[in-house]
Every structure is written in C-alpha cells, then in structure tokens.
Amino acid sequence: MFDNDTFIDSSFDSNAKIETELTDFPEFKSKAEIAEYIEIHSAKGQSLSGKDIRNIRHSFENIIAEETQNALQLFLSAGGVEDDFEFKKDELSKKIDNQLKALKTKWDSQLIENQKSKKENADKKEHILDQIRVLLEKDEDRSTFDEFRKLTKEWTGIGAVPQEKNQELWANYHALLDRFYSRRSIFFDLKELDKKKNTHIKEELCLKAESLLAEPSITKALHELNLIHQEFKTIGPVVAEKQEVLWQKLKTVTEQLYQKRKEYFAQIEKEQNENLEKKKSILLEISTLASGNFLTSNEWKEKSKRVLDLENTWKAIRNIPKEELKNINKEFWAVLKRFFEAKNQFYSNLEKEAEVFIQQKQALINEAVALNNAEDWFNATTKIIKLQQKWKEIPSTSSKKENQIYEKFKKECDLFFYKKRESKTQEDKTQQDNLSAKQALFSDLESKTSTLAFAELDSYLEKWMQIGSLNKDSKNDLTEKFFGLCEKVIDNQKQWTEEEKFKNKLTFKIKNAKESTDAAKFVKDKENHLKKKVKDLEGEIDILQNNLGFFARAKNAEQIQSDFKQKIAVLEKEKGLLKDQLKMFRDLV
C-alpha cells in the first residue's frame, strides 16, 4: 500500500487539504446561524475553504427551499394559483448570498495564487537539483559539503509544488542525495550524524502521528496526519536499520486512521439511511392522509394538526443521502400540497353548502318580518312557532354569517312576541272597556224587560254588536244573560203567536251566533238539530200508521184507532212546525 520514503498519495499531498463528502462540519438550521458563522470567521480573520463554502451554500439553499415551499403553501391556501407565485428573498437572505459569492471569489483567487506559487516552487527545486548536479562534478572538499548542506536546507524550506511534479522532484532529489553521499566518503561520519538526527526527528513524528488516534475529530486527525507526512518526506535519510521500522510505524498509524475514517463514514451512511427511512415513513403517512375522505370540519382540523406535526418532524430530520434529497423533498412537498388542496376543496364545498343554509334561514327571517305586521295574532303565533321549528331543522354552519343571521332571526322573533304582548295589553284594555259598556247596556235592558216594546229591542241589539268583543272569561256568561233578556222581551209581546215568537227568538240567536267565532258551527249544528227532530217525528208517525192495521179487529178497535190518529195528527202538526222553523232558519241564514 505504501512505499518507504517515496510514499506518494493524493490524500497526503502537501498542496491539498483533506476534503470529504461528509465531515463534522456544523449543520445549520437557520439563516441566522449561517450569518453568525460567517461573521465569526471574518472577525477572526480566518479563511474558509472551498469545501466550507460549498457546505454553507448547500445548507443555505436547503433553508431557502423550505421557505419557498412554506410560502407557496400559504399562497395556495389563501386561494392563489401556483403559476402566479413568486418567492422574494428577505434582506438577510440577500446578504448571505452576497457574502457566499464574495467568499467563493476570494477562494478562487487564492487557488489561482496557490497554483502560481506551486509552479514557482517547482522551478526553485529544479534549480536546486541542477546546482547539486554541478556539485557532483566538483572535487571533494569542505566547501563542497557546506554548499551541499546549504542547498538541502533551501530545498526543505521551499513550499508545495504541483501534484503532478511532486513525485518526480522528490525521486530526483533522493537519487542525487544518495549519489552525493556515496561519492563523498570523506564526509561519511557527518552523513551518519545527519542520519541519526533525521532518525530522531522521524521518531518524534511517528509519536505525534500515534497521538492522533485519540483525536475525536477524524477530519482534524487526517489533516494533521497530512502535515506529518509532508514533513516526514522532507527529512533526509535515516540510519539503515531504522528506515523500515519508522516507515512501518507511520504506515500503521495511517492505516488505522483511515480505518477510523471508513468506520466514521459508515456510521454517517447508516444514520443517513435511517433518516431516509424515517422520512419515507412520514411521506407514506401524509400520503395516506391526503387520500382520506374526511367528512367533518373537526376531522380535518385533527388531521391538519397531525400533518403539521409530521412536517415539523420532517424538517428536524436533516442528514440523508445526497442522491435521495432532491427527489424525496419533491415528493414530500407534492403530497403536502395534495393534502392541503383536498382540505381547501372540503372547506370550499362547506362554504357553498353553508351559503344554501344561510339563504334558507334568510327566507325564514323574511317570513318572520312579514308576520310582525300581522293583525291575527293567534294564527301568526302558530306560524312564528313553525318558523322556529324549521330554523332548528336547518343545520348550523361554521360560516362567519351564522351568528349574525341568527341574531337577526332572534331579533325578529323577539319583536313579534313583544308586539303580540303589546297588542294583548291593548286588547285587554279595550275588552275591559267593552265589558263595562255591555254591563251598563245589560243593566239598562234588565230594568225595562217587562215594558220594552219589540221595536226598541233592535236598537239594544245593534248597540250590543257595535260595542265590540269581550274576553273569553266574560263573553259567554254576559252574552248568554243578554240574549236571555231579549227572549224575555219577546215572550212579553202578547200580540204575537208562538210561531212569531219562535221566529224572532231564532233571529236573535242567529245574530248572537254571528258574533261568535264559532258562527259556522252554530249554524250547522242548529240545522242538523232541526233536521234530526223532523226525521225522528217522521219515524214515529210511520210506526203509528203501521200499528193502526193491527188494531182493526180488536174489541175496542175504534177507540184505539181514534187515539192513534190523534197522536199522528199532533205529531204531524209538530213536524209541520219544525219544517217551517227549518225553512225559516235557512231563510234567515
């Protein structure tokens, strides 16, 4: 895996930083955290790497995406159309966007400058190699070795070179070193001394590398290991027996750290996959809710609360595989949109249904308004009660108009019963005045019953009718007494026959009946009564006539037949009077 001092690996290139797809870089949950992070590093004068900038940009774009989707949902829930939606960034978003652009520009400039510096360093090392080659051609003396030591010191002081030239320069340098030391045996002791010194330095580096195994941040550990490898390569030869041992130590530590790195990313991948499954579970539940057929407002409120809780849980789950992020977020916002579109449609239908109910209730209000101008309070009361029953049968709605329209209906009902009470109070007063007037008229008639002529009785009846109605408690008793007096006056008219008295009494009874609310019933009952009496008499007469034949041969047949004929004659006369009364009644009616 590694080759002694010529170990070359892009991960340990002195010109490159260890950048991993997933590191322990902080995870930002808000724009404020991003802004604070940038400000802190700017205040400290610390530069951010390209990877740092990309990580910040990735977090920033995820936050903006969530804000965009949330704003879209609000826009759609307010009745907007998706094609008309336009998301506008706030001032903080614009500031962060500009800062990231400036940081990216600065980083790009640094990369260009680094590349230029690396090329210059490569040229310097090429020049040193040429100088060492010249030294190899010179005669051996002290000045030659001093110059050689000066050149090697310059070599170690030169910074990073382009990756593609690193191995070639390093190999050439070590080859020239070996040639120089092998040809200058006079300085062998000095060479061995340098090797011992180099051995000690590399042993210290190995210990330092081993200490990185306890570093909790694998990213920091690998970065430090990278620097150790860079320094390890710049140190000259070591004593032969330690060369392989030291390299194996560094190699072992390197392999262990890379194993930790592998385990670290395996754990990250495991967590990402677990988070992905959690999001898939949330997606499935919201999808099920979006397909649900909820019939009541309470159900929609309950399910909406659940969806919002799931949305918050979704947002709290941050780290998932990058290749899944775009698609699953797209699915999530699509199914979330579908749920709220279904909810909006439900409430839209509910509003239309509520409007129908509101119109039905408005019609009842209009009827109640019309009843407030009624004159027949008895029938109007029946109607207003029916309106109240109908109101209860119409379902309540969640419309903002519901309370308002109920108050209108209640106001009209209250007004109706208020007017009814006012009317009743006025009616009671009027009926009390009528009672006093009728009592006075009754007393006057009572004092003249024995002497009053029939011609004057009509004027009393006319006055009685003009006075107006009485309440139920007084009406029947006083009216009955009044018409009783009228019959007495008629009975006192000696010049009249019974038939004439009956006719006049009947006339007064009919007038009395017409004053009553049951006039039609009185007329019908009276007519049926007279018809029944006529029919009953006809039945009795038929029976008597049939019986005359049975007594024809009896010892006293003539006497019996004579009695039967007298009875028949009386009944026929009575029947005739009743028929006359029935005809008279019909004529009067």
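Here are some worked exercises on the predicted model shown above.

**Exercise 1. Work out how far to trust the model, and where confidence is highest and lowest among the helices.**

Step 1: Start with the whole chain. The mean pLDDT is 78, and 85% of the residues score at least 70.

Step 2: Go down to the helices. Confidence is lowest in helix H15 (residues 498–515), with a mean of 69, and highest in helix H8 (residues 240–290), at 90.

Step 3: Check the start of the chain. Residues 1–24 stay under 50 in pLDDT, and the model has 72 contacts for them beyond four places in sequence.

**Exercise 2. Describe the overall make-up of the protein chain: how many helices and strands does it have?**

Step 1: Count the elements. The chain has 17 helices and 0 strands.

Step 2: Look at burial. Of the 589 residues, 36% are buried.

Step 3: Turn to the surface. The accessible area is about 36100 Å², with 50% of it belonging to carbon and sulfur atoms.

Step 4: Ask how far apart in sequence the contacting residues sit. Taking contacts with a separation of 6 or more, 78% are between residues 24 or more positions apart.

**Exercise 3. Follow H10 to its two partners below, and say how H9 and H10 are oriented to each other.**

Step 1: Take H9 with H10. Helix H9 (residues 297–316) packs on helix H10 (residues 322–371) at an angle of about 165°, and their axes are 11 Å apart.

Step 2: Classify the angle. Anything over 145 degrees counts as roughly antiparallel, and H9 and H10 are therefore roughly antiparallel to each other. Their crossing is left-handed.

Step 3: Find the residues that make the contact. On the H9 side they include Trp300, Val307, Leu308 and Trp314, and on the H10 side they include Phe332, Trp333, Phe339, Phe340 and Phe346. Charged side chains take part too: Lys301 and Glu311 of H9 and Lys343 of H10 are among the residues in the contact.

Step 4: Now take H10 with H11. The axes of H10 and helix H11 (residues 377–393) come within 10 Å and cross at roughly 165°. H10 and H11 are therefore roughly antiparallel to each other, and the crossing is left-handed.

Step 5: List some of the residues here. Among them are Leu364, Ile365, Ala368 and Leu371 of H10, which meet a set in H11 including Trp377, Ile384, Leu387 and Trp391.

**Exercise 4. Do the same for H7 and H8: at what angle do they pack?**

Step 1: Get the geometry. Helix H7 (residues 218–234) packs against H8 at about 155°, with the axes 10 Å apart.

Step 2: Name the arrangement. H7 and H8 are therefore roughly antiparallel to each other, and H7 passes H8 in a left-handed crossing.

Step 3: Pick out the side chains. Leu222, Leu225, Ile228 and Phe232 are among those H7 brings, while H8 supplies residues including Trp247, Leu250, Leu257 and Tyr264.

**Exercise 5. Place Trp155: is it buried or exposed?**

Step 1: Locate it. Trp155 is in helix H4 (residues 142–157).

Step 2: Use the cut-off. Buried means under 20% relative accessible area; Trp155 has 1%, so Trp155 is buried.

Step 3: See who surrounds it. Leaving out residues up to four places away in sequence, Trp155 touches Lys125, Ile128, Leu129, Leu169, Trp170 and Tyr173.

Step 4: Add a distance. Trp155 and Asn121 are 34 residues apart along the chain, and their C-alpha atoms are separated by 9.5 Å.

**Exercise 6. Sort three glutamines, Gln99, Gln69 and Gln545, by exposure.**

Step 1: Begin with Gln99, in helix H3 (residues 91–137). The relative accessible area is 17%, so Gln99 is buried. Beyond four places in sequence, Gln99 touches Ile38 and Glu39.

Step 2: Move to Gln69, in helix H2 (residues 50–77). With 21% relative accessibility, Gln69 counts as partly exposed. Gln69 is 261 residues from Lys330 in sequence, yet the C-alpha to C-alpha distance is 10.0 Å.

Step 3: Finish with Gln545, in helix H16 (residues 519–548). Gln545 has a relative accessible area of 41%, so Gln545 is partly exposed. Gln545 and Ile568 are 23 residues apart along the chain, with 7.6 Å between their C-alpha atoms.

Notes: Residues numbered from 1 in each chain as written. Predicted model: local features only at pLDDT ≥ 70, side-chain atom pairs only at ≥ 80, totals over all residues. Heavy atoms only, no water. pLDDT = per-residue confidence, 0-100. Helix = DSSP H or I, 4+ residues; strand = E, 2+ residues; numbered from the N terminus. Contact = heavy atoms within 4.5 Å. Buried < 20%, exposed > 50% of the residue type's maximum accessible area, 1.4 Å probe, protein only. Areas by Shrake-Rupley, 256 points an atom, 1.4 Å probe, with all protein chains shown as cover. Axes fitted to C-alpha atoms, helices over the stretch in contact; angles between N-to-C directions. Parallel < 35°, antiparallel > 145°, perpendicular 65-115°, else oblique. Left-handed = near helix turned anticlockwise from the far one by under 90°.
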